[in-house]
Amino acid sequence: MVKLRKGKIFRGLIGLASLGLLVTCAIGSQETPSAPADPAKPGAAREPKNNVRPAMKWKRFDYTCEGGAKVAVYLRGSAAKVRTQEHFYLMRQTPSADGNRYSDGKVLWWGKDDTGSLQEDTPDGNGRMLVKGCVLDKPADAAKP
């Protein structure tokens, strides 16, 4: 009989503890919302920020090459994107004694003044010409409308 009584007391204490937890949760969830913070004060809540990066700005140069081939070259900093009718290359600027040289390790774009060419990048610099005799469609120094 003593065992039964201790079990009932223990269950009763557990029940009271559970009831107290429920009451505490119910009271805590009924708090009144606080007034919005004054945005003029430091540390006040601010509007959410737009975390989307703006699109990268590339300068586009269109060339017409021998045989009527078209090449579009996009430049941004030391990077170049070169697009032909058949291929697209992403290149980095590499050292050059004259003009601008961009390479991806297999193909390189040479640009000087308003001309350019696309060729295979070989260690001796005599790679096969892929597109040559490229002339800028609208020179950079041409008057803008």
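User: Which residue stands opposite Val135 in β8, taking Thr115 as the place to look?

Analyst: The question already names the pair: Thr115 stands opposite Val135 in β8. Please note at the outset that the model is predicted. The pair belongs to a set of four bridges between strand β7 (residues 115-120) and β8, and these two strands run antiparallel.

User: Which residue of β1 should I place opposite Val135 in β8?

Analyst: Thr64 stands opposite Val135. Here β1 and β8 are joined by two bridges and run antiparallel. Val135 thus serves as a useful landmark, with Thr64 facing it and Thr115 facing it as well.

User: How should I read the side chains along such a strand?

Analyst: In a regular strand, side chains alternate between the two faces of the sheet.

User: What do the strands form when they are taken together, and in which order do they run?

Analyst: They form a closed barrel of eight strands in the order β1-β2-β3-β4-β5-β6-β7-β8, with antiparallel pairing. From one strand to the next, the twist averages 30°. Another pairing in the barrel can be followed at strand β4 (residues 88-94), which pairs with β5 in the antiparallel sense over three bridges. Within that pairing, Gln93 stands opposite Tyr102 in β5.

User: What is the secondary structure of the protein chain as a whole?

Analyst: The chain has one helix and eight strands. Along the sequence, the pattern reads α-β-β-β-β-β-β-β-β. Of its 145 residues, 20% count as buried.

User: Where does Trp58 lie, and is Trp58 buried or partly exposed?

Analyst: Trp58 is found in the loop between α1 (2-28) and β1. Its relative accessible area is 23%, and the cut-off for burial is under 20%, so Trp58 counts as partly exposed. Trp58 can also be located by its distance to Gly77: the two are 19 residues apart in sequence and 8.7 Å apart in space, C-alpha to C-alpha.

User: How many disulfides are there, and which residues are joined?

Analyst: The count comes to one disulfide. It joins Cys65 to Cys134, with an S to S distance of 2.0 Å. Cys65 lies in the loop between β1 (59-64) and β2 (70-76), while Cys134 lies in strand β8 (residues 129-136), so the pair ties together parts that are 69 residues apart in sequence.

User: Why is this disulfide described as right-handed, and are its cysteines buried or exposed?

Analyst: The torsion about the S-S bond of Cys65 and Cys134 is about 105°, so the disulfide is right-handed. Cys65 counts as buried at 5% relative accessibility. Cys134 is buried too, with a relative accessible area of 1%.

User: How does one find a pocket, and what is the volume of the second largest pocket?

Analyst: Rolling a probe the size of a water molecule over the atoms shows where empty space is left. In this model, the second largest pocket has a volume of about 170 Å³. It is lined by 14 residues, of which Phe61, Tyr63, Leu75, Asn100 and Asp113 are the closest to its centre.

User: Which strands supply the lining of the second largest pocket, and what kinds of residue make it up?

Analyst: At least two lining residues come from each of β1, β2, β5 (100-103) and β6 (107-112). The largest share, three residues, is supplied by β6. By kind, the lining divides into eight nonpolar, three polar and three charged residues.

Terms used:
Residues are numbered from 1 along each chain as its sequence is written. This is a predicted model: local features need pLDDT of at least 70, side-chain atom pairs count only at pLDDT 80 or more; totals for chains, interfaces and linings use all residues. Side-chain values use heavy atoms; hydrogens and water are left out. A disulfide is a pair of cysteine sulfur atoms within 2.5 Å. Buried means under 20% relative accessible area, exposed over 50%, partly exposed in between (1.4 Å probe, protein chains only). Two strands pair if DSSP finds at least two bridges between them. On a 1 Å grid over the protein atoms alone, a cavity is a set of points where a 1.4 Å probe fits but cannot get out, and a pocket is an open set with protein on both sides within 12 Å along at least five of seven lines; lining residues have an atom within 4 Å of a point. Grid points are joined across faces, edges and corners, and a volume is the space filled by probe spheres set on the points. Ala, Val, Leu, Ile, Met, Phe, Trp, Tyr, Cys and Pro count as nonpolar, Asp, Glu, Lys and Arg as charged, and the others, Gly among them, as polar. Axes are lines fitted to C-alpha atoms, for helices over the stretch in contact, and angles run from 0 to 180 degrees between N-to-C directions.
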